[in-house]
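Notebook open, structure loaded. I want to go through strands, helices and rings in turn and jot down what I find.

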Amino acid sequence: MKVTFHGDRIAPHGFTLVIIPRFEGEASVGRINPVFPSWLSKPHRDALKRRVESTDFAGKAGQRCALDLDNGSQRIVLLGLGKAPGDAIASALRRVGAAVWKECADLQAKSVAIWFDSGGAPVAKSESSALIEEFFGARYRFTRYQSGKQKGLFEPQKIAIWGLPSLSAKELSTLQSLQDAVFIARDLVNMPPNDCHPSYLVDVCRNLARRTSLSCRVLDGKKLERLGADALLAVGKGSEQPPFLITLSTPKSARKVPIVALVGKGVTFDSGGLSIKTAASMMEMKADMSGAAAVIGAMKALAEKKLAIEVRAYLPAVENMINGSATRPGDVVKTLSGKTVEILNTDAEGRLILCDAIALAEREGADIIIDVATLTGACVVALGTKYAGLFSDDDGLSQTILAAARDSGELFWRLPLAMEYNDLLKSPIADMKNIGNQWGGAITAALFLKRFVKKARWAHLDIAGPAFDESGGGTIPKGGAGFCVKTLVRTVEALAGR
């Protein structure tokens, strides 16, 4: 597929599909002649005007108005962007990118032109990136387990864009590589848990290390016992699948550079343990390793960059199941840090595997730790399914992550790391318990993790809401969203000074 940018306003003749994005109000009947491109012939312009009138197209976000010309040899599609440009232009163009792919697939269009007019408002290169990034991302389908499904997806041969700043071949390749990393994360989350188990994640990471400059280390049960990672081991005790703590690392630098640790929750299936979930709540618990999937995807992308920073991924991988050896509510375990935890709810397992991984990351010299996890339903109650929660006591790191998220089109909201709730984690018999009360569950989970960070700058990303798209009505099919891959990559780039 060839992508080209055009600064001139030559008519896009010969394209099977022409997309014309319009801001709200621009396509009203009274303004139709000034805003529709001059290359449209008068008969075609009149036909388009009648179609706009009949469909009440006004450029509102998500609106669509289509007209087939010359016996179907070319289709003109108006796409609504919503209100006039401003800070939201990138998000509007992301919608266009996804919609363009759908139009291409529906029409099997071999060539597509996008004719954009910002109405005189300045358009940055980042807006071009947003459109192309979403266009690449909308190609994703997961058909591995569907017999008879065509493996290859339709792709147009060429896409030409007018009215947006051009991107170089290298920039286009970088965007493609980043989306490929997102696809890796989506694939891992979408795989069934009988195939995507802790041992499979070990194989994935080892294979990734073989193909890239990354190094891989695998700590199995015996090594974890020697380390004293009993919190992680406690979660995996009820499963026939052995637990692991996997690390992936970029090459060490001869210079003094910051070390960033990305810690991803890898519960490949979560039954809740003896504090068992309901059947309905278990149906999508294969997605409880979305944090680990996002970190693996991010490390794949980062392996292709030569950044002035060292990055290490820590991936605790377990199944939370039930057998005669399963951890009981009321058990007390000693964590890798030496602190003890009274486990009162075995379904609050993510924090138990993360705390050992975080403690190991800091013990091994991490300067910055960012953990990613589908950690709490409470975060979904607070923010819904579109936003992830950000917790940190470091304002600078928080702003870096939020800026990276904005550039990536991923939604985060910073929530309070309320120290007033620390007493909710008090235990009468251990250093702490693994749950608070019924209120502020996302906050108390973050406070629990903070207890295992001594010196490093730290942020916790609770992605429980957007990690798995249950509706499939957005820009991706139902299933794993690959959420946070792009934010992690761009955060590390910012920390490296790029």
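**Entry 1: the small sheet.** Before I count anything: two strands pair if DSSP finds at least two bridges between them. This is a predicted model, by the way. I looked up strand 13 (residues 340-343) and found two bridges joining it to strand 17, with the two strands running parallel. One position I can point at is V341, which stands opposite M432 in strand 17. Zooming out, I get an open sheet of three strands in the order 12-13-17, and the pairing is mixed. Strand 12 (331-334) and strand 17 (432-433) are the edge strands, each with a single partner, so each has one side without a neighbour in the sheet.

**Entry 2: strand 11.** Next I went to strand 11 (310-320). How many of its residues are buried? Eleven of eleven, so I noted it as mostly covered. As a reminder to myself, side chains in a regular strand alternate between the two faces of the sheet. Here E310, R312, Y314, P316, V318 and N320 point one way, while V311, A313, L315, A317 and E319 point the other way, and all are buried.

Then I checked who pairs with strand 11.

- Strand 8 pairs with strand 11 in the antiparallel sense, over six bridges; S249 has R312 as its bridge partner.
- Strand 9 (residues 259-264) pairs with strand 11 in the parallel sense, over five bridges; L262 stands opposite A313.
- Strand 10 runs parallel to strand 11 and is joined to it by four bridges; D270 stands opposite N320.

**Entry 3: helix 6.** I wanted to see whether the length adds up. Helix 6 (residues 198-211) has 14 residues, which at 1.5 Å a residue should span 20 Å, and the end C-alpha atoms are 20 Å apart, so the two agree. Which of its residues are buried? I listed P198, L201, V202, V204, C205, L208 and A209. They cover an arc of only 165° around the axis, which puts them on the same side of the helix. The face of helix 6 turned away from that buried side carries exposed R210 and R211. I also asked what covers the buried residues, and the list includes helix 5 (169-190), strand 7 (215-219), strand 8 (244-249), strand 10 (266-270), helix 10 (290-303) and strand 11. Strand 11 is on that list, so my second entry ties in here.

**Entry 4: helix 11.** Same check on helix 11 (residues 350-363): 14 residues, 20 Å from first C-alpha to last, close to the 20 Å expected at 1.5 Å a residue. Burial is another matter to log: 13 of the 14 residues are buried, so helix 11 is largely enclosed by the rest of the structure. I also stopped at G365, which follows helix 11 and has a positive phi, near 100°.

**Entry 5: strand 6.** I found strand 6 mostly covered, with four of its five residues buried. Strand 1 pairs with strand 6 in the parallel sense over five bridges, and T4 has A160 as its bridge partner there. Strand 5 (residues 111-115) also runs parallel to strand 6, joined by five bridges. In that pairing, S111 stands opposite K158.

**Entry 6: rings.** A search of the whole structure turned up ten aromatic pairs. I took a closer look at F15 and W162, an edge-to-face pair with 5.9 Å centre to centre and 85° between the planes. They link distant parts of the chain: F15 is in the loop between strand 1 (2-6) and strand 2 (17-23), W162 is in strand 6 (residues 158-162), and 147 residues separate them. Are the two buried or exposed? Both F15 and W162 are buried.

My other pick was W101 and F135: centres 5.1 Å apart and planes at 70°, so the pair is edge-to-face. W101 is in helix 3 (residues 89-107) and F135 in helix 4 (residues 125-137), 34 residues apart. Both are buried.

Back at F15, I noted that F15, W115 and W162 form one aromatic cluster. K158 lies over the face of F15, at 5.0 Å from the ring centre. Elsewhere, the charged end of K339 sits over the ring of F452, 5.5 Å from its centre.

Note on methods. Residues numbered from 1 in each chain as written. Predicted model: local features only at pLDDT ≥ 70, side-chain atom pairs only at ≥ 80, totals over all residues. Heavy atoms only, no water. Expected span 1.5 Å × (residues − 1). Buried < 20%, exposed > 50% of the residue type's maximum accessible area, 1.4 Å probe, protein only. Arc of directions from axis to C-beta. Contact = heavy atoms within 4.5 Å. Phe/Tyr/Trp six-rings, centres within 6.5 Å; stacked < 30°, edge-to-face > 60°. Lys NZ or Arg CZ within 6 Å of the ring centre and 35° of its normal.
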